[in-house]
Amino acid sequence: LLARVLRQAPELAQAVSSGLSAGGPREASSRAWGAIWSKDAVRNRELYRFGMDTLCDLDLDRTRALFDTFFRLPDEGWRGFLSDAQDPAQLTRTMLQVFNRAEPALRRPMVSAGLGMRSVSLLRSVVGW
């Protein structure tokens, strides 16, 4: 999040400035929020949250296997993921690449997470419900 917000500093400053001119602090706050939390940013947050929830449910061996698989991706995949520089489609592709390259013992908990209740908010966000 921090990397993304720092990249958006000029856009955020413009949103605050135009909001202050148009309606004062409340308008500036509203525009700043919109600049930071676009639809794509919200979708990415849900994807990251889903991934983090899944990661937190893994035992130590599977966590190590996940990171080993993740860092064997092409550099642009894991770097883009870690810097939040991917759009939702790219982020989803990166996550699917990890899944496709993962060992069966690691895939099982990933599938369970995908079929669980956590996936409902993820699906809503991704499809825009």
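**Exercise 1.** Which helix gives the largest share of the lining of the largest pocket?

*Solution.* Before starting, note that this is a predicted model, where local features need pLDDT of at least 70 and side-chain atom pairs pLDDT 80 or more, while totals for chains, interfaces and linings use all residues. Residues are numbered from 1 along each chain as its sequence is written, and side-chain values use heavy atoms, without hydrogens and water.

Step 1: get the terms straight. On a 1 Å grid over the protein atoms alone, a pocket is an open set of points where a 1.4 Å probe fits, with protein on both sides within 12 Å along at least five of seven lines; a lining residue has an atom within 4 Å of a point. Helices are DSSP runs (H or I, at least four residues), numbered from the N terminus.

Step 2: look at the space, about 760 Å³ in the largest pocket. Its lining has 25 residues, with Leu47, Phe50, Gly51, Thr54 and Met95 closest to the centre.

Step 3: pick the helix. H4 wins, giving 7 residues.

**Exercise 2.** Work out how the linings of the two pockets divide by class.

*Solution.* Step 1: the largest pocket has 19 nonpolar and 6 polar lining residues, and no charged ones.

Step 2: turn to the second largest pocket, at about 160 Å³. Leu1, Arg4, Arg45, Tyr48 and Asp84 sit closest to its centre, out of 13 lining residues. This lining splits into 7 nonpolar, 2 polar and 4 charged.

**Exercise 3.** Is Leu82 buried or exposed?

*Solution.* Step 1: find Leu82 in helix H6, residues 75-82.

Step 2: Leu82 has 53% relative accessibility, so it counts as exposed (buried is under 20% relative accessible area, exposed over 50%, partly exposed in between, with a 1.4 Å probe and protein chains only).

Technical notes. Helix = DSSP H or I, 4+ residues; strand = E, 2+ residues; numbered from the N terminus. Points joined across faces, edges and corners; volume = space filled by probe spheres on them. Nonpolar A, V, L, I, M, F, W, Y, C, P; charged D, E, K, R; others polar.
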